[in-house]
Amino acid sequence: MAKSYPRRDVIGGAAASAVVLTTSPLLAAEPNVHDIAIKAFKFEPDLVQVHVGDTIRWTNHDVAPHTATADAFGWNTAEIAKSETAEITVIEGMETSFFCTFHPHMKGSIEIL
Ligand SMILES: [Cu+2]
(Lines give C-alpha, C1' and ligand atoms only; values in the text may rest on other atoms or scores of the structure.)
Protein backbone atom coordinates (compact mmCIF):
# COMPACT_ATOMS: atom_id res chain seq x y z
CA MET A 1 0.00 0.00 0.00
CA ALA A 2 1.47 3.35 -1.04
CA LYS A 3 1.96 5.95 1.60
CA SER A 4 1.89 9.64 0.77
CA TYR A 5 4.49 12.03 2.15
CA PRO A 6 4.35 15.80 2.23
CA ARG A 7 6.41 17.29 -0.65
CA ARG A 8 9.08 19.88 -0.07
CA ASP A 9 8.44 23.12 -1.94
CA VAL A 10 11.63 23.01 -4.05
CA ILE A 11 10.02 24.75 -7.05
CA GLY A 12 8.92 27.64 -4.86
CA GLY A 13 12.51 28.13 -3.69
CA ALA A 14 13.84 28.30 -7.27
CA ALA A 15 11.23 30.86 -8.25
CA ALA A 16 12.19 33.05 -5.31
CA SER A 17 15.83 33.05 -6.50
CA ALA A 18 14.79 34.06 -10.01
CA VAL A 19 12.93 37.07 -8.62
CA VAL A 20 16.09 38.22 -6.84
CA LEU A 21 18.06 37.98 -10.11
CA THR A 22 15.60 40.06 -12.14
CA THR A 23 15.68 42.87 -9.59
CA SER A 24 19.50 43.01 -9.44
CA PRO A 25 20.80 46.59 -9.61
CA LEU A 26 23.66 45.29 -11.79
CA LEU A 27 21.34 44.95 -14.78
CA ALA A 28 21.43 47.76 -17.34
CA ALA A 29 18.95 50.60 -16.85
CA GLU A 30 15.74 50.51 -18.85
CA PRO A 31 15.54 52.99 -21.74
CA ASN A 32 13.86 56.24 -20.76
CA VAL A 33 11.42 58.50 -22.58
CA HIS A 34 12.31 62.21 -22.53
CA ASP A 35 9.41 64.55 -23.19
CA ILE A 36 9.87 67.86 -24.93
CA ALA A 37 6.83 70.13 -25.09
CA ILE A 38 6.48 72.52 -27.99
CA LYS A 39 4.75 75.59 -26.57
CA ALA A 40 4.57 79.19 -27.75
CA PHE A 41 7.11 78.45 -30.50
CA LYS A 42 9.70 77.05 -28.09
CA PHE A 43 11.06 73.61 -27.23
CA GLU A 44 10.65 73.02 -23.48
CA PRO A 45 13.13 71.98 -22.27
CA ASP A 46 15.51 73.07 -25.02
CA LEU A 47 18.20 70.68 -23.75
CA VAL A 48 17.67 67.01 -22.87
CA GLN A 49 20.30 64.66 -21.45
CA VAL A 50 19.81 61.15 -22.81
CA HIS A 51 21.44 57.76 -23.24
CA VAL A 52 21.71 55.70 -26.42
CA GLY A 53 18.50 53.66 -26.70
CA ASP A 54 16.33 56.28 -25.01
CA THR A 55 13.36 57.84 -26.77
CA ILE A 56 12.79 61.57 -27.23
CA ARG A 57 9.13 62.49 -27.61
CA TRP A 58 7.92 65.89 -28.77
CA THR A 59 4.34 67.01 -28.15
CA ASN A 60 3.00 70.02 -29.98
CA HIS A 61 0.81 72.22 -27.76
CA ASP A 62 0.63 75.01 -30.34
CA VAL A 63 -2.00 75.46 -33.02
CA ALA A 64 0.76 75.88 -35.62
CA PRO A 65 2.53 72.74 -36.88
CA HIS A 66 6.20 72.25 -36.00
CA THR A 67 9.04 69.83 -36.65
CA ALA A 68 12.10 68.71 -34.77
CA THR A 69 14.78 68.41 -37.43
CA ALA A 70 18.50 67.83 -37.02
CA ASP A 71 20.56 70.84 -38.14
CA ALA A 72 22.20 68.83 -40.97
CA PHE A 73 18.98 66.83 -41.59
CA GLY A 74 20.37 63.56 -40.22
CA TRP A 75 16.98 62.91 -38.62
CA ASN A 76 13.58 64.56 -38.75
CA THR A 77 10.24 64.05 -37.03
CA ALA A 78 8.44 65.53 -40.06
CA GLU A 79 5.45 67.75 -39.35
CA ILE A 80 3.93 67.47 -35.87
CA ALA A 81 0.37 68.81 -35.96
CA LYS A 82 -1.49 70.39 -33.06
CA SER A 83 -1.81 67.99 -30.07
CA GLU A 84 0.25 65.33 -31.84
CA THR A 85 3.48 63.67 -30.79
CA ALA A 86 6.54 62.39 -32.61
CA GLU A 87 9.36 60.23 -31.32
CA ILE A 88 12.91 59.37 -32.24
CA THR A 89 15.22 56.80 -30.69
CA VAL A 90 18.63 58.01 -29.58
CA ILE A 91 21.45 56.33 -31.51
CA GLU A 92 25.18 56.66 -31.13
CA GLY A 93 26.69 59.53 -33.13
CA MET A 94 23.37 61.12 -34.06
CA GLU A 95 23.18 64.86 -34.57
CA THR A 96 22.50 66.67 -31.33
CA SER A 97 21.28 70.08 -32.48
CA PHE A 98 17.84 70.49 -33.92
CA PHE A 99 15.42 73.16 -35.05
CA CYS A 100 11.94 73.58 -36.51
CA THR A 101 11.94 73.76 -40.31
CA PHE A 102 8.87 76.05 -40.28
CA HIS A 103 10.30 78.39 -37.62
CA PRO A 104 14.12 78.17 -37.78
CA HIS A 105 14.52 80.37 -34.70
CA MET A 106 13.18 77.43 -32.65
CA LYS A 107 16.24 75.49 -31.51
CA GLY A 108 17.00 72.61 -29.17
CA SER A 109 19.87 70.36 -28.16
CA ILE A 110 20.46 66.80 -27.10
CA GLU A 111 23.32 65.78 -24.86
CA ILE A 112 24.19 62.09 -25.12
CA LEU A 113 25.62 60.96 -21.76
CU1 LIG B 1 7.84 75.45 -35.54
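Here are some questions and answers about this predicted model.

Q: What does the secondary structure of the protein chain come to?
A: Let's start with the order along the sequence, where the pattern reads α-β-β-β-β-β-β-β-β. Counting up the elements of the protein chain gives 1 helix and 8 strands.

Q: Which strands stand at the edges of the sheet that contains E3, E8, E7 and E5?
A: This open sheet has 4 strands in the order E3-E8-E7-E5, with mixed pairing. An edge strand has a single partner, so one side of it is left without a neighbour in the sheet. The strands that fit this description are E3 and E5.

Q: In which sense do E3 and E8 pair, parallel or antiparallel?
A: The sheet they belong to is mixed, so it helps to look at each pair, as a DSSP pairing needs at least two bridges. E7 and E8 are antiparallel over 3 bridges, and E5 and E7 also run antiparallel, joined by 2 bridges. E3 and E8, with 4 bridges between them, are parallel.

Q: Which residue of E8 is the bridge partner of Ser97?
A: E8 covers residues 107-112, and its pairing with E7 is antiparallel. On the E3 side, Leu47 stands opposite Ser109. For Ser97, the bridge partner in E8 is Ser109.

Q: Which residue in E7 does Ala70 stand opposite?
A: E7 spans residues 97-99 and is joined to E5 by 2 bridges. Opposite Ala70, in E7, you will find Phe98.

Q: What does the twist average from one strand to the next in the sheet with E2, E1, E4 and E6?
A: This is an open sheet of 4 strands, ordered E2-E1-E4-E6, and its pairing is mixed. E2 and E6 are the edge strands, each pairing on one side only. From one strand to the next, the twist averages 25°.

Q: Which residue in E6 is the bridge partner of Trp58?
A: Strand E4 takes in residues 55-60, and E4 pairs with E6 in the antiparallel sense over 5 bridges. Leaving out residues up to four places away in sequence, Trp58 touches Ile36, Ile38, Ala68, Thr77, Ile80, Thr85 and Ala86. Its bridge partner in E6 is Ala86.

Q: How many residues make up the largest nonpolar core?
A: In soluble globular proteins, nonpolar side chains tend to be buried together. Here the largest such core includes Ile36, Ile38, Trp58, Ala86, Phe98 and Cys100. Strands E1 (33-39) and E4 (55-60) each supply at least two of its residues. In all, the core has 12 residues.

Q: Is Cys100 buried or exposed?
A: Cys100 sits in the loop between E7 and E8. Apart from neighbours within four places in sequence, Cys100 is in contact with His66, Thr67, Ala68, Thr69 and Met106. It has 25 C-beta neighbours inside 10 Å, and a residue needs 20 or more to pass the cut-off. Cys100 therefore counts as buried.

Q: How far apart in space are Cys100 and Phe43, C-alpha to C-alpha?
A: Both residues belong to the largest nonpolar core. In sequence, Cys100 and Phe43 are 57 residues apart. In space, their C-alpha to C-alpha distance is 9.3 Å.

Q: Where does Pro45 lie?
A: Pro45 catches the eye because the peptide bond leading into it from Glu44 is cis, with omega near 0°. The strands on either side are E2 (42-44) and E3 (47-50). Pro45 lies in the loop between E2 and E3.Q: Is Ser83 buried or exposed?
A: Ser83 has a positive phi of about 70° although it is not a glycine. Its place is the loop between E5 (69-70) and E6 (85-89). With 10 C-beta neighbours inside 10 Å, Ser83 falls under the cut-off of 12 or fewer, so it counts as exposed.

Q: How many other C-beta atoms does Phe41 have within 10 Å?
A: Phe41 also has a positive phi, about 60°, although it is not a glycine. This residue is placed in the loop between E1 and E2. Phe41 is partly exposed, and the number of other C-beta atoms within 10 Å is 13.

Q: What percentage of the residues of the protein chain count as buried?
A: Residues 24 or more positions apart account for 49% of the contacts with a separation of 6 or more. The protein chain has 113 residues, and the share that counts as buried is 17%.

Note on methods:
Residues are numbered from 1 along each chain as its sequence is written. This is a predicted model: local features need pLDDT of at least 70, side-chain atom pairs count only at pLDDT 80 or more; totals for chains, interfaces and linings use all residues. A nonpolar core is a set of buried Ala, Val, Leu, Ile, Met, Phe, Trp, Tyr and Cys residues joined through C-beta atoms within 7 Å. Two residues are in contact if their C-beta atoms, placed from the backbone, lie within 7 Å. Axes are lines fitted to C-alpha atoms, for helices over the stretch in contact, and angles run from 0 to 180 degrees between N-to-C directions.
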